[in-house]
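Visitor: I am new to this structure and would like a close look at a single part, taken slowly. Could you begin with one residue and its surroundings, and then lead me onward from there?

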Amino acid sequence: MRTLVVDHPLVAHKLTVLRDVQTDSPTFRRLADELVTLLAYEATRDVRVTDVTVQTPLAPAHGVRLARPAPLVVPILRAGLGMLDGMTRLLPTAEVGFLGMIRDEGTLTAQTYATRLPEDLSGRQCYVVDPMLATGGTLAAAIELLFERGADDVTALCLLAAPEGLALLDKTFGEPARPVRVVTAALDERLNENGYIVPGLGDAGDRLYGVV
């Protein structure tokens, strides 16, 4: 498994404001959207393309277009919805699937309550978006489902990651036959006793949409 922590001053600036407990929900949503677009630029560096030739006003020019089948973007509900626009801004032709997953706060294991994905993902590149990679259980379950349906390349975009979550993903998807890449704005210190990232930024879903 590969991990990329994006080292860029704009990424660090936006993440700092997101961490601030004084940042209100409208500002948090806007900055999260902007930050995801910056992360998506790096996450799509290996997106598949095909060679094409187009006619400019002066002469033929060689270039590339996104390959088919189109990439699939998969936000994990509900917090992942706050990252969807930032991702599709760079990949407007991508298809979008949805996974509803919730973490059992007692066992810290992920449970799936909704799935809206193509049954056959053979040959598809998939981009899973979820703000927090904490224990890694939710993201691992989501990626496992994508591989079961035939995906052959999965990239996860997270605002923050914890060492424990990365370790679980590496243990689960360490073999070359199931390539997984994680792109994140920061690798934080640890998880606390409740499975939250420290220093983190709190509950991303609550900060995006309010407490429900």
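Guide: Let us begin with Thr23, which, once its neighbours within four places in sequence are left aside, is in contact with Val17, Phe28 and Arg207. The model before you is a predicted one, and in it Thr23 sits in the loop that joins α1, residues 9–19, to α2, residues 25–43. The relative accessibility of Thr23 is 13%, and because buried means under 20%, Thr23 counts as buried.

From this loop we can turn to another threonine, Thr53, which belongs to strand β2, the stretch of residues 49–55. When the neighbours of Thr53 within four places in sequence are set aside in the same manner, its contacts are with Pro60, Ala61 and His62. Gly63 stands ten residues from Thr53 along the chain, and the C-alpha atoms of these two residues are separated by 5.9 Å.

A further place to look is where two helices meet, namely α4, which covers residues 137–148, and α5, which covers residues 163–172. These helices pack at an angle of about 30 degrees, and their axes lie 9 Å apart. Since angles under 35 degrees count as roughly parallel, α4 is described as roughly parallel to α5. The crossing of α4 and α5 is, moreover, right-handed. On the side of α4, the residues that make the contact are Gly137, Leu139, Ala140, Ile143 and Glu144, while α5 contributes Leu168, Leu169 and Thr172. Sorted by character, the residues of this contact between α4 and α5 comprise five that are nonpolar, two that are polar and one that is charged.

Finally, the cysteines deserve a careful word. A disulfide requires a pair of cysteine sulfur atoms within 2.5 Å, and by this rule the count in the model is zero. Cys126 takes part in no disulfide, for the nearest cysteine sulfur to its own, that of Cys158, is 15 Å away. The matching statement holds for Cys158, which is also in no disulfide and whose nearest cysteine sulfur, that of Cys126, is 15 Å away. As for their surroundings, Cys126 has a relative accessibility of 1% and therefore counts as buried, and Cys158, likewise at 1% relative accessibility, counts as buried too.

Terms used. Residues numbered from 1 in each chain as written. Predicted model: local features only at pLDDT ≥ 70, side-chain atom pairs only at ≥ 80, totals over all residues. Heavy atoms only, no water. Buried < 20%, exposed > 50% of the residue type's maximum accessible area, 1.4 Å probe, protein only. Axes fitted to C-alpha atoms, helices over the stretch in contact; angles between N-to-C directions. Helix = DSSP H or I, 4+ residues; strand = E, 2+ residues; numbered from the N terminus. Parallel < 35°, antiparallel > 145°, perpendicular 65-115°, else oblique. Left-handed = near helix turned anticlockwise from the far one by under 90°. Contact = heavy atoms within 4.5 Å. Nonpolar A, V, L, I, M, F, W, Y, C, P; charged D, E, K, R; others polar.
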